[in-house]
Amino acid sequence: MAPSRAPNASGWYRSGVTLTWSGTDSTSGIAACTSPLTYSGPDTTAVTESGSCQDNAGNWSAAPLTLHYDSTAPTTTPAPSPAPNANGWLNSGVQVTWNGSDATSGVASCSAKSSYSSPDTAGTTLSGSCTDNAGNTGSGSFTVKLDTVKPVLSLPKVA
C-alpha cells in the first residue's frame, strides 16, 4: 500500500491523498488488489483505510493505513493588552497577542505579538495568523482606535 505522497513533517494531510494497494506473489502471482481510494475528508484525528490483494491461488492479505487529515484553517483571535474601553478606544499603546484554536490537528504556531503606540488613529488594523499542525493557516485582525491626547477644556466666562 502506498499513499500518493507522504504526510507533512507532523504526520498530517491537508488535501486529498490517493491510496493504492499493490502486492507481489512469487508463486502464483497477484490476481487483484483493492482499487485506489482517494481520501479528502472529513477532517479527523485518525481514520483507518484498508485494502487487500489476492493471489491467483485465492490467498489474500490486507494492509490498513491510518491517516490524520485536517483541511480546516485554525481560528486566529487577537488578545489586546490593555483591552479597549467600553467604547472601543485605547488611551495608550497596545500590544496584541495572537491566539489560535484548531479542533483537529492543534495549533503549531502563531504570529509574534503586534504593537501600536502612535500616531493616534480612529482605525488602524493589525493582522496576525496561526498555523495548525497540518499546515493550514488562518488569519485575524484587530482594529486599533487610539486617542492619547487629553481633551481641551474651555473655562466658563465669568460675568
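Two strands pair if DSSP finds at least two bridges between them, and the strands themselves are DSSP runs of E, at least two residues long, numbered from the N terminus. Keep that in mind for the first stop. The model is predicted, so local features need pLDDT of at least 70 and side-chain atom pairs count only at pLDDT 80 or more, while totals for chains, interfaces and linings use all residues. Residues are numbered from 1 along each chain as its sequence is written, and side-chain values use heavy atoms, with hydrogens and water left out.

**Stop 1: a sheet of β1, β2 and β4**

Select residues 17-20, which is strand β2, and then add β4: the two pair in the antiparallel sense over 3 bridges. Click on T18 and look across to β4, where its bridge partner is T38. Now widen the selection to the open sheet, which has 3 strands in the order β1-β2-β4 with antiparallel pairing. At the edges you'll find β1 (2-3) and β4 (37-39), each pairing on one side only.

**Stop 2: two tyrosine rings**

Stay in β4 and show the side chain of Y39, then bring up Y69. Together they form an aromatic pair, edge-to-face, at 5.3 Å centre to centre and 80° between the planes. For the cut-offs, rings of Phe, Tyr and Trp (its six-membered ring) pair if their centres lie within 6.5 Å; planes under 30 degrees apart count as stacked, over 60 as edge-to-face and the rest as tilted. The structure holds 1 aromatic pair, so there is no need to hunt for another. Y39 lies in strand β4 and Y69 in strand β6 (residues 60-69), so the pair ties together parts that are 30 residues apart in sequence.

Are these two rings buried or exposed? Buried means under 20% relative accessible area, exposed over 50%, and partly exposed in between (1.4 Å probe, protein chains only). Y39 is buried at 8%, and Y69 is buried at 3%.

**Stop 3: the disulfide of C33 and C53**

Next, select C33 and C53, which are joined by a disulfide with an S to S distance of 2.0 Å. The criterion is a pair of cysteine sulfur atoms within 2.5 Å. The link spans distant parts of the chain: C33 sits in strand β3 (residues 30-33) and C53 in strand β5 (residues 44-55), 20 residues apart. Check the torsion about the S-S bond, which is about 110°, so this disulfide is right-handed. Turn on a surface and compare the two ends: C33 is partly exposed at 27% relative accessibility, whereas C53 is buried at 9%.

**Stop 4: the disulfide of C110 and C130**

The structure holds 2 disulfides. For the other, pick C110 and C130, whose sulfur atoms are 2.1 Å apart. C110 belongs to strand β9 (residues 107-110) and C130 to strand β11 (residues 121-132), 20 residues apart. This link is right-handed too, with 105° about the S-S bond. C110 is partly exposed at 31%, while C130 is buried at 0%. With the bonded cysteines numbered in sequence order, the pairing reads 1-2, 3-4.

**Stop 5: the sheet around that disulfide**

Leave C110 selected: it stands opposite C130 in β11. Strands β9 and β11 run antiparallel and are joined by 3 bridges. Add β12 and you have an open sheet of 3 strands in the order β9-β11-β12, paired antiparallel. β9 and β12 are the edges, each with a single partner strand, so one side of each has no neighbour in the sheet. Neighbouring strands here are turned by 25° against each other on average, direction ignored; the axes are lines fitted to C-alpha atoms, and angles run from 0 to 180 degrees between N-to-C directions, with helices fitted over the stretch in contact.

**Stop 6: the nonpolar cores**

Which residues make up the largest nonpolar core? Select L90, V94, V96, W98, Y116, L126, F142, V144 and L146, 9 residues in all. A core here is a set of buried Ala, Val, Leu, Ile, Met, Phe, Trp, Tyr and Cys residues joined through side-chain atoms within 4.5 Å. The elements giving two or more residues to this core are β8 (94-101) and β12 (137-146). A second, separate core of 8 residues includes Y13, L19, L67 and Y69.

Zoom in on Y116. Not counting residues up to four places away in sequence, Y116 touches G93, V94, T121, T124, L126, V144 and L146, where contact means heavy atoms within 4.5 Å.

**Last stop: S101**

Finish on S101 in strand β8, partly exposed at 45%. Leaving aside neighbours within four places in sequence, S101 is in contact with P74, T75 and V107. Then draw a distance from its C-alpha atom to that of T27, 74 residues apart along the chain: 53 Å.

Definitions and conventions:
Helix = DSSP H or I, 4+ residues; strand = E, 2+ residues; numbered from the N terminus.
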